[in-house]
Amino acid sequence: MGFFSSIGTKIGDGFNSLGAKSSRIVKKGVKTVSENAGKIADVAGSVKDVADTVASVSGAIGSGAAFLAGGAAAIGAEPIAAGLLGVAAAGKGVEGLASGVSAVAGKVETVARTADTAAKTVKAGLSAKKHGEAAIDSMRRGDLSDAMSEGKSAIADVKRAEAGAKSVKKQIERKKKKTK
């Protein structure tokens, strides 16, 4: 084996190893997100609600301080008016920042809810497959009662998976319409 062939083999092996590690990391990440998507959506929804409240309150404080600054300037209290204008500017700045946080949290919540629905849909589909296989095995054994029971469970799981798939499709379509 030549020098360049040996180096090429080592480089190729290194890339294969990195690819395998990357694949494992992505699979773990997808599994973690799919298992916790509902919790992520709930937290993002709470963050959005808090940010909306902060934006509302800070906007009101900013508007009130601006109004008071006008009154203070009218009666000749310019230093007080300047301080109130600073408070008004800070209030409006916080309002803008909180509105941005709310928008991002809302998007995270939407994506997490879609991921949660997709994960539940996949689980229902896998459960339908398992029940279907169990029904076939029961028929082969001649246990028609168990086969009927497993078949009914499979049908229920298929209906749940179908409803979940329709929901995910609608969520994706809504998202596409918003981005246009």
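In this predicted model, Asp 137 makes a good starting point: this residue is partly exposed, with a relative accessible area of 36%. Asp 137 pairs with Arg 140 in a salt bridge whose closest N and O atoms lie 3.7 Å apart. Both residues belong to helix H2, where they sit three residues apart, about one turn of the helix. The partner, Arg 140, is exposed, at a relative accessible area of 69%.

Helix H2 holds another such pair. Asp 116 and Lys 120 join their side chains in a salt bridge of 3.3 Å, N to O. Because they are four residues apart in helix H2, about one helical turn separates them. Asp 116 is buried, with a relative accessible area of 16%, whereas Lys 120 counts as exposed at 53% relative accessibility.

A further salt bridge links Asp 146 to Arg 141, with 3.6 Å between the closest N and O atoms. Here Asp 146 counts as partly exposed, at 26% relative accessibility, while Arg 141 is exposed at 58%. Elsewhere, Asp 42, Glu 109 and Arg 113 are joined into one network by salt bridges that share partners. Across the whole structure, the search finds eleven salt bridges.

Charge also gathers on the surface without such pairing. A patch of positive charge there brings together Lys 107, Lys 170, Arg 174, Lys 175, Lys 177 and Lys 178. Helix H3, spanning residues 144-179, supplies the largest share of this patch, five residues. Lys 107, for its part, lies in helix H2, which covers residues 78-141.

Terms used:
Residues numbered from 1 in each chain as written. Predicted model: local features only at pLDDT ≥ 70, side-chain atom pairs only at ≥ 80, totals over all residues. Heavy atoms only, no water. Patch = residues over 30% accessible without salt bridge, like charges linked within 9 Å, V, L, I, M, F, W, Y side chains within 5 Å. Areas by Shrake-Rupley, 256 points an atom, 1.4 Å probe, with all protein chains shown as cover. Salt bridge = Lys/Arg side-chain N within 4 Å of Asp/Glu carboxyl O. Lys, Arg positive; Asp, Glu negative; His and termini not counted. Charge placed at Lys NZ, Arg CZ, Asp CG, Glu CD. Helix = DSSP H or I, 4+ residues; strand = E, 2+ residues; numbered from the N terminus. Buried < 20%, exposed > 50% of the residue type's maximum accessible area, 1.4 Å probe, protein only.
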